Amino acid sequence: MRPPRTIDGTPLIMRGLNPEQDLPAICQLFSDVFSQPMPLQHWRWKYMQAPGSQHYHALAAHATTGQLLGHMGVIIQPGVFRGQAIRMAHATDLMVSPLARSGLGPDSVYRHIMQSVREGAMDAG
């Protein structure tokens, strides 16, 4: 897979979350993509305060400016399936900035985010 690119051809870097640095930018991306605010306290509640849960994120950042242009979060929670304790993953907040939407092809931001989430799931066990 080649690195994803913005609409104008600028490369994007796939990376994980740096909470101290990225939260305001994720909330801004949410607002840009969904035309609704995502207050920091709501994001923290959703991902960081769910009892017994963990979370990980796939981010796409502009290679030159560092601007976040894509995100998907995954919340891992305890669950039960057929009487067995399991870990369940809930993928949420998939968003790609209009500046990085290049379709669903093999080099698209969407495909790279999904690949990063799959790799994160394997690492999370």
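The following exercises, each with a worked solution, concern a predicted model of a protein.

**Exercise 1. Confidence of the model**

Determine the average pLDDT of the protein and identify the helices in which confidence is lowest and highest.

Solution.
Step 1. The mean pLDDT of the protein is 87, and 98% of the residues reach a score of at least 70.
Step 2. Confidence is highest in helix H1, residues 19–34, with a mean of 93.
Step 3. Helix H3, residues 109–124, has the lowest confidence, with a mean of 82.
Step 4. A general caution applies to such an analysis: coordinates predicted with low pLDDT should not be read in detail.

**Exercise 2. Salt bridges**

State how many salt bridges the structure holds, and classify Arg15, Asp22 and Asp93 as buried, partly exposed or exposed.

Solution.
Step 1. The general principle is that side chains of opposite charge can pair when their charged atoms come close.
Step 2. Two salt bridges are present in the structure.
Step 3. One of them joins the side chains of Arg15 and Asp22, with an N to O distance of 2.8 Å.
Step 4. Arg15 has a relative accessibility of 27% and therefore counts as partly exposed. Asp22, at 1%, counts as buried.
Step 5. Lys46 forms a salt bridge with Asp93, and the closest N and O atoms of this pair are 3.0 Å apart.
Step 6. Because Lys46 lies in helix H2 (residues 40–48) and Asp93 in strand S4, this pair ties together parts that are 47 residues apart in sequence.
Step 7. Asp93 has a relative accessibility of 11%, so Asp93 counts as buried.

**Exercise 3. The two sides of helix H2**

Identify the buried residues of H2, decide how they are arranged around the axis, and name the elements against which they pack.

Solution.
Step 1. Trp43, Lys46 and Tyr47 are buried in H2.
Step 2. These residues cover an arc of only 80° around the axis, and therefore they lie on the same side of H2.
Step 3. Gln41 and Trp45 are exposed residues on the face of H2 turned away from its buried side.
Step 4. The packing partners of the buried residues of H2 are H1, strand S2 (54–62), strand S3 (68–81) and S4.

**Exercise 4. Buried residues and their contacts**

For Leu68, Ala50 and Thr10, establish the location, the burial and the contacts beyond four places in sequence.

Solution.
Step 1. Leu68 is placed in strand S3. Its relative accessible area is 6%, so Leu68 is buried.
Step 2. Beyond four places in sequence, the contacts of Leu68 include Arg15 and Asp22, as well as Ala25, Ile26 and Leu29. Leu59, Ala60 and Ala61 are also in contact with Leu68.
Step 3. Leu68 and Leu12 are 56 residues apart along the chain, and their C-alpha atoms are separated by 9.1 Å.
Step 4. Ala50 is located in the loop between H2 and S2. At 18% relative accessibility, below the 20% limit, Ala50 counts as buried.
Step 5. With residues up to four places away left out, Ala50 touches Trp45 and Gln77. The C-alpha atoms of Ala50 and Ile76 are 9.6 Å apart, with their positions 26 residues apart along the chain.
Step 6. Thr10 belongs to the segment before strand S1 (12–15) and is buried, with a relative accessible area of 16%.
Step 7. Apart from neighbours within four places in sequence, Thr10 contacts Pro4, Arg5, His62 and Thr64.

**Exercise 5. Positive phi angles**

Give the phi values of Ser35 and Arg82, and determine whether each residue is buried or exposed.

Solution.
Step 1. Ser35 is not a glycine, yet its phi is positive, at about 55°.
Step 2. Ser35 lies in the loop between H1 and H2 and is exposed, with a relative accessible area of 67%.
Step 3. Arg82, also a residue other than glycine, has a positive phi near 50°.
Step 4. Arg82 is placed in the loop between S3 and S4. At 75% relative accessibility, Arg82 counts as exposed.

**Exercise 6. A nonpolar surface patch**

Name the residues of the nonpolar patch on the surface and classify Met88 by accessibility.

Solution.
Step 1. The patch consists of Phe81, Ile86 and Met88, which together have about 270 Å² of accessible area.
Step 2. Met88 is part of strand S4, residues 84–96.
Step 3. With a relative accessibility of 38%, Met88 counts as partly exposed.

Key:
Residues are numbered from 1 along each chain as its sequence is written. Side-chain values use heavy atoms; hydrogens and water are left out. pLDDT is the predictor's confidence in each residue, from 0 to 100. Helices (H or I, at least four residues) and strands (E, at least two) are DSSP runs, numbered from the N terminus. Patches are made of residues with over 30% relative accessible area and no salt bridge: like charges are joined within 9 Å, nonpolar side chains (Val, Leu, Ile, Met, Phe, Trp, Tyr) within 5 Å. Accessible areas come from the Shrake-Rupley method with a 1.4 Å probe; for residues, only the protein chains shown count as cover. A salt bridge is a side-chain nitrogen of Lys or Arg within 4 Å of a carboxyl oxygen of Asp or Glu. Buried means under 20% relative accessible area, exposed over 50%, partly exposed in between (1.4 Å probe, protein chains only). The arc is that of the directions from the helix axis to the C-beta atoms. Contact means heavy atoms within 4.5 Å.
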